[in-house]
Amino acid sequence: MSGERPINPRFNEDVHLNLVSGPPRYRNHTDKPVRYFTVVDKENGAVLGYVWAGDEDNAAAWEPRKAGGPRAANEGGFWIRRLRSAKERGLLPSQALAELLADPEPAGKGRGLPGSLTDAPNAAAVETLAQSE
């Protein structure tokens, strides 16, 4: 009896990944114009990040504010789930954005800041805003 363990021959096989479809999602990047609003912490009013959307590329996403730290990063899950839900219901990104901003008390730690809806030339501009603060 040898002290060596046999090597499984399957370790030498190539891995084949099959793309499967998941739930409907908006694209998470666009170089077309977008609208976005600011999300603030319900407790202290600190900016956590931004939700943006653009109909031209069927895109929408959450952009956490770098200075918001872990709380801002964690908040993203909530906003992303709400965007996915809107997509599943067939809403355009701009409609989803309006719906999210109109909810005065969403379930997460943050809420949309009234009056903060504004335009940006593209998603990268919102990302730059989030990183620079």
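This passage walks through the salt bridges, one helix, one loop residue and the main pocket of a predicted model.

Charged pairs make a handy starting point. Side chains of opposite charge can pair when their charged atoms come close. A search through the whole structure turns up 7 salt bridges, and three of them are worth a closer look here.

Take arginine 35 and aspartate 119: their closest N and O atoms sit 2.7 Å apart, and the two form a salt bridge. This pair ties together distant parts of the chain, since arginine 35 belongs to strand 1 (residues 34-41) and aspartate 119 to strand 5 (residues 118-120), with their positions 84 residues apart in the numbering. As for the surroundings, arginine 35 is partly exposed, its relative accessible area being 37%. Aspartate 119 comes out at 53%, so it counts as exposed, the cut-off being over 50%.

A second salt bridge brings the side chains of glutamate 43 and arginine 71 together, at 3.5 Å from N to O. Here too distant parts of the chain are linked: glutamate 43 is in the loop between strand 1 and strand 2, while arginine 71 is in helix 1 (residues 69-88), and the two are 28 residues apart. Glutamate 43 is exposed, with a relative accessible area of 64%, whereas arginine 71 is partly exposed at 31%. The pair doesn't stand alone, either: Asp41, Glu43 and Arg71 are joined in a network of salt bridges.

The third case involves helix 1 again. Aspartate 103 forms a salt bridge with arginine 82, and 3.2 Å separates the closest N and O atoms. Aspartate 103 lies in the loop between helix 2 (93-102) and strand 4 (110-112), arginine 82 lies in helix 1, and 21 residues separate them along the chain. Aspartate 103 has 25% relative accessibility and counts as partly exposed. Arginine 82, on the other hand, has a relative accessible area of 17%, which means that it is buried, as that is under 20%.

Next comes helix 2. Which residues of helix 2 are buried? They are Pro93, Ala96, Leu97 and Leu100. Looking down the axis of helix 2, these buried residues fall within an arc of 100°, so they line one face of the helix. The spacing fits a general rule of thumb: an α-helix has 3.6 residues a turn, so residues three or four places apart point the same way. And what does the buried set of helix 2 pack against? Its partners are strand 1, strand 2, strand 3 and helix 1.

Loops can hold buried residues as well, and aspartate 57 is an example. It sits in the loop between strand 2 (47-54) and strand 3 (59-64). Its relative accessibility is 16%, so it falls under the 20% cut-off and counts as buried. Leaving aside residues up to four places away in sequence, aspartate 57 touches Arg27, Thr30, Asp31 and Lys32.

Finally, there is the empty space. Rolling a probe the size of a water molecule over the atoms shows where empty space is left. The largest pocket has a volume of about 200 Å³. Its lining is made up of Arg25, Tyr26, Asn28, Ala60, Ala61, Trp62, Ile80, Leu83 and Arg84. Strand 3 and helix 1 each supply at least two residues of that lining. Sorted by class, the lining of the largest pocket has 6 nonpolar, 1 polar and 2 charged residues.

Definitions and conventions: Residues are numbered from 1 along each chain as its sequence is written. This is a predicted model: local features need pLDDT of at least 70, side-chain atom pairs count only at pLDDT 80 or more; totals for chains, interfaces and linings use all residues. Side-chain values use heavy atoms; hydrogens and water are left out. Helices (H or I, at least four residues) and strands (E, at least two) are DSSP runs, numbered from the N terminus. Buried means under 20% relative accessible area, exposed over 50%, partly exposed in between (1.4 Å probe, protein chains only). Contact means heavy atoms within 4.5 Å. A salt bridge is a side-chain nitrogen of Lys or Arg within 4 Å of a carboxyl oxygen of Asp or Glu. The arc is that of the directions from the helix axis to the C-beta atoms. On a 1 Å grid over the protein atoms alone, a cavity is a set of points where a 1.4 Å probe fits but cannot get out, and a pocket is an open set with protein on both sides within 12 Å along at least five of seven lines; lining residues have an atom within 4 Å of a point. Grid points are joined across faces, edges and corners, and a volume is the space filled by probe spheres set on the points. Ala, Val, Leu, Ile, Met, Phe, Trp, Tyr, Cys and Pro count as nonpolar, Asp, Glu, Lys and Arg as charged, and the others, Gly among them, as polar.
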